[in-house]
Structure formats: C-alpha cells, structure tokens
Amino acid sequence: MRSNLYHNTTAQWIVYVVFFALMAFVPIVIDDTFTTNLFARFLVLGMLALSVSLVWGFGGILSLGQGIAFGLAAYGMGMTMQMQSQDPESSPIPSFMLTNELTKLPLLWEPFWHTPTGIVLALLVPTVFFLIFGAMMFQARVAGVFVAIVTLAMLSAWYSMAFDMQPYTAGFNGISPPSPLKLGEHIVDPYSNEAYWIALGMLTLATLGLKLLLQSKFGLIVQAVREDPERARFLGYSVSGYQIAVFTVSGFVAALAGVLWVMIVQYVSPTSLEVTFSVSMVIWAAVGGRMSLLGAILGAFFVNGIQSYLGDEMLYGFLLVLGGLFILIVRFLPSGLAGLLESLLERLVRRPADQRGQ
Amino acid sequence: MMALLELHQVTKAYDELKVVDGFDLKVHRGELRCLLGPNGAGKTTTIDLITGRQKLSGGQVSLDGTVISDWPEHMRVRAGLARKFQIPAVFKGLTVRQNLEAAFTRHLSPIRNMFVFRDRETQDRIDEVASLVNLKDRLRVRADELSHGETQWLEIGMVLTQNARILLMDEPTAGMTTQETHKTGEIFNGLKGTHTLLVVEHDMSFVRQIADRVTVMHMGRFLAEGTIQDIERNEEVQRVYLGQGGAGHHA
Ligand SMILES: Nc1ncnc2c1ncn2[C@@H]1O[C@H](COP(=O)(O)OP(=O)(O)OP(=O)(O)O)[C@@H](O)[C@H]1O
Ligand SMILES: [Mg+2]
C-alpha cells in the first residue's frame, strides 16, 4: 500500500504554504544585503528546478534545454534594463554596440525601449519558442533519450548565437545594464528585501500554480503519458498535445526565472545558455526529487548552497562531485531526497500497522 | 441491420508474407464475438489493424458505416473503439484510481483538462467500474503492485470506463488463475446486450462460458464461424486448432 501522509494532498498543501510563508521571514532574520541577494538567486534557481520537475519528473521528458527559455528571457530582461539607461536623444545606442561599429539601434532592440513590452516579450518569446520547438519534436514522436539530445543540440545552437552575434548581444562579455530595474518611478534594488520578496512571490505563485495544474485531469494525463504513451493514445488522448503543453508550461516557468535572474544580478551573458548550467538544473531536481515540486526546489537550494559555501576555487572539483552525486542518486535514490522522506513516512505508517497485525 | 464493426477484405503483408489475408468480419451491436485461432493466426494483428496501431496493406475497416481505416489511432478511439492489449498495458506508476480516472475520457483536450478536477460523476463511475472488476479495495494501490490477474482486471476496467461503442479485448484472461478466469467470464456475461465486444481468446473453457458466436481464423484467413458447438464440431477447426493442444489452455 502506498498511501501515507506523503501522498495526502491536504498535508502537501499545508507543507507548501507553510514553507513559503516561512521563507518570507528569511531576509528579516539574516539582515544582510549580500546574503539576501544570494538567497534571492537561490529562489530563482529553485524555479528552474521546478520547471525541470514538471517537464521531466511529471512529464517524463528529459529536457536539457530549459536553459534556452531561461537564457532568452534573461536576454530580453537585460535588453529591457539596458534600454532604461539609454536616452532617445542623447544616447540612443548602448555603448557596446558603438564599439562594434553599429550606428543605429538594431530593429530587434527597438521594442525594449518600452519596459512593459520588454518584460512581456522576455516571457512570451521563449514560451512561444518552446511551443513551436515542442510541436516539432513531439509531433515527430521524438522520445526518450532523443529528446535530451535534440534539446541539447538546440541549446548549443542558441549559445553559439548569443556568443557570435557580438553587435547585438555583446557576445562573451554579456550585457550589464548600468542601473537596477525601474518599474515606473520605483527602483528595484537587487540587494533589497523587496527583490527577494518579488522572487519569492513569483516562486510561490509558480509552485502553487503548477501544483494545482498537476492535480487537474491534465496533470494526471501528463503522468499517464510518461508511464505509457501508447496506452494513453489508445484512450483517445493526443500524446503529443499533452507533451507540447507541458513542455511549453515548463518553458514559461524557466523564462520567468530568467527575467527574475537579471532583475537580481543585473547582468546577462552566454553563460545562461551554457550546457553545464542546463545539466545542473536537472541534477538539482534529481537530488531533491524530481517527482516532487518542492523537493526539486529544495534540491536546488541544497546543491547551490553547498556550491557557494565552497566558493569558486573549488568549482571544478565540485562539478565532478556533483556528477558523481547525480549518478548515485539516479542509481540508488531515484526519487531524490523527497523520496527518502516518502519511504520514511511509509515506515512510520507500516510499523504500527504491522504491530496491530500480530 | 448494419454491423457496428465491419472488416472488409482486410489484409496485412510484410513483404511477401501475408499475416492477415482478405479477412472479413461483421460484429453487430450488443454482440459478444470471440475470435479464435492458433498462435500466429493474425488475431493481434487484426486488432492492430482495427485500432490503427498498424497500417492496412489492403481492404477497409468501418465503424457504424463510416470507414475509419485511414484515421490516426486517437481519432478511432474517439469514434468509439476501446482496446485491451495482449500484454496488459496499465500506467504502472499510478494508482488504480488514477488509472481508471485517466480512462474516464469525458474531455480529451489538454487545455480543457487543465480546468477539470475530480468530481462526483468521475468518482461514481470509478467506484462502479472498480466494484465490477473486483478492485474496489485496491483503489489506492499503485498498479505495479497488483497481481497479474488484477492487472488484467484493471485494464478491463479501464476499457469499460471509457464508455466506448465496441470493446476489443486481446486475451483478457492470459495469466489468470482458473478462478479469476471464471470471474472474468461472469464480468463479460454481465456486459452482454449493453456492450459490444470482440474478444480474442485461447482458453476454451472461458470461450464456452461467454461466447455467443465464434469466428476462427487461421494463417490470416477466415476459417469458420458459428456457435461454440458448431465450431467444436467443425472438422477443419479441429484439425488446425483444437487438435493442437486439445480444448484446454493454450499458450
Ligand atoms: N513485424 C513483423 N514482421 C513480420 N512478421 C510479423 C511481424 N509482426 C507479426 N508478424 C507475424 O504475423 C503473424 C501473426 O501475428 P499475431 O501476433 O497477429 O498472431 P496472434 O494470432 O495474435 O498470435 P498469438 O496467439 O500468439 O497472440 C505471426 O506469424 C507473426 O510472426
Ligand atoms: Mg496475439
């Protein structure tokens, strides 16, 4: 029997809500702008793990391309914030373009003069891209490991593009908007509690939204498709339709993370489209538990927490350890840390029941 | 009266080899038809051709007068076909309840289903089917923890939940104990009249328990059709089929 507290939806909702409510107090307790900013970054990385949990854990689609949505959105937000510092009269062109011998603002950049348009595009373009990309993949019945390969190839293509289109993207250097995000007259200081709370608010909305989505019939069918696509097809469902939908939603969540990321770090570069980054997201979700939204988020906190504690000098050694950890988890703990909790609760339920049975 | 399901000169060839060869079949509304035949006769292939899992090399399939043989699988299902696979196919990582819920296909569109949540109607239907297939106490169990017989019942339950117009059952009792097989026979007999079924079977005692009419195929071709008594008396059938393993269980 697999029905313990872990599977009780009411209990899950309570845990989720309490968790996010408690997280709101973190900046007040730590009372340090640098650490608050660091934690806000973790929240955004948690959102990426959330998107992986949805698409891979629940949808069974091993996407190594979540960084595409993140990166595109991050560039959109970077462009938006960059244009906030430009002036149509005195300085209509970002300085990196001048050094790349552009004399006119490229058409691609024009919409980003207007902040709301810029933010909407930053969210919309990656989402629509995931919709089209997903439709191409899943209608051709690309499945299993081939999804990983195709998404990885697509990610690499975007990475090269961001890198090579120097006049438009500032290439390797990336875009560093001179000042923080302005919403109307209001300035969102990346080091403020407010920035943290915005990130937390968005993460809460995204998580609870996805949790609700997964409890709908849609969520059930997405999981059914993961278990056995052919069976689902013979129940009358369009398998590709569900795969495209869940892939697109995951792209939107990753895009939201990209927008928040640039709000918090005030910088975007091709590293956001790096392969190692997208692979890391998958590892965070695996460590925390890909079949649990909250588990995946905590996995991201956990791994990134250790990583920043160890510092940059240890980075490459750490990546090696991370790879090893991933293999161990996949082999011995397929449901991650959340799975550990699940079996713990299972044992708690079993023990009294067994004793009664004797 | 027009047949609900009609196969006309249905053919499937792999290169030279015709595994189904000009096969005709008519199943009428409310009928329970058994499809019999030795191993490799082409029974599963015939079901595959009806449901669109494999492409026809010739002939056509129609449902209630509409030719469906060039439709994609999920469209045929929407038109009213439901299928149980020879190798039981259930969603192993999901609970019995979730399996049945997935099969309750009131809405099919992904967008639409984002706004559909468990409701009374679904629950009632699930409970009803679960008690019919003896899984009422197993609703919270994950499907991969079920016994082989229970897994078969779950898939039969899923096919029933679908509310289809014709149920295609490929060896529903394979791997069941004698008792489970008998119980399954009772379930099927309870469906007669209200449901239309095409049942592929090997187990002769089961066929005797449920069959109205029996069609026998051999090497992809039609061999005989009639009541179970006719079929058991038919010499040709005895030669190709019953002679092999007697009238008992047959792998
Ligand atoms: N892809 C294929 N290529 C060539 N021959 C095939 C292929 N698939 C099936 N066959 C052959 O088609 C014939 C019919 O197979 P089918 O599975 O329909 O038989 P069946 O009547 O369901 O048998 P069983 O009782 O064993 O389930 C068999 O001889 C099989 O070997
Ligand atoms: Mg067969």
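In this predicted model, helix α12 of chain A is largely enclosed by the rest of the structure, because 25 of its 27 residues are buried. A residue earns that label when its relative accessible area is under 20%. The helix runs over residues 239-265, and its end C-alpha atoms are 39 Å apart, which agrees with the 39 Å that its 27 residues should span at 1.5 Å a residue. Just after α12(A) comes A:Q266, which takes a positive phi of about 55 degrees.

A second helix of chain A, α4, can be read in a similar way. It covers residues 66-84, so 19 residues in total, and reaches 28 Å from its first C-alpha to its last, close to the 27 Å expected at 1.5 Å a residue. Helix α4(A) is mostly covered, with 19 of its 19 residues buried. As a reminder for anyone new to helices, an α-helix has 3.6 residues a turn, so residues three or four places apart point the same way.

Attention now turns to chain B and the magnesium ion, ligand 2. The protein donors of this ion are the OG1 atom of B:T44 and the OE1 atom of B:Q86, which lie 1.9 to 2.1 Å from the metal. These two donors link distant parts of the chain, being 42 residues apart: B:T44 belongs to helix α1 (residues 43-51) of chain B, while B:Q86 sits in the loop between β6 (81-84) and α3 (96-103). Are these donors buried or exposed? The answer lies in between, because values from 20% to 50% count as partly exposed. B:T44 has a relative accessible area of 26% and is therefore partly exposed; B:Q86, at 32%, is also partly exposed.

Ligand 1 is surrounded by 13 residues, of which B:G40, B:K43, B:T44, B:T45 and B:H202 come nearest. B:T44 thus appears here as well as among the donors of the magnesium ion. Sorted by class, the shell around ligand 1 holds seven polar, four nonpolar and two charged residues. Helix α1(B) gives the most to this shell, with three residues.

Several side chains make polar approaches to oxygen atoms of ligand 1. For B:T45, a polar side-chain atom lies 2.5 Å from one of the ligand's oxygen atoms. For B:N39, the corresponding distance is 2.9 Å, and an N or O atom in the side chain of B:H202 is likewise 2.9 Å from an oxygen atom of ligand 1. On its own, ligand 1 has 640 Å² of accessible area, and the protein covers 61% of it.

Definitions and conventions. Residues are numbered from 1 along each chain as its sequence is written. Chains are lettered from A and ligands numbered from 1 in the order in which they are written. This is a predicted model: local features need pLDDT of at least 70, side-chain atom pairs count only at pLDDT 80 or more; totals for chains, interfaces and linings use all residues. Side-chain values use heavy atoms; hydrogens and water are left out. Donors are N, O and S atoms within 2.8 Å of the metal (3.2 Å for Na, K and Ca); water is not among the atoms, so sites may look incomplete. Helices (H or I, at least four residues) and strands (E, at least two) are DSSP runs, numbered from the N terminus. Buried means under 20% relative accessible area, exposed over 50%, partly exposed in between (1.4 Å probe, protein chains only). A residue is near a molecule or strand if one of its heavy atoms lies within 4 Å of it. A polar contact is a pair of N or O atoms within 3.5 Å; within protein, one must be able to donate a hydrogen and the other to accept it, and residues adjacent in sequence count only if both atoms are side-chain atoms. Accessible areas come from the Shrake-Rupley method with a 1.4 Å probe; for residues, only the protein chains shown count as cover. Ala, Val, Leu, Ile, Met, Phe, Trp, Tyr, Cys and Pro count as nonpolar, Asp, Glu, Lys and Arg as charged, and the others, Gly among them, as polar.
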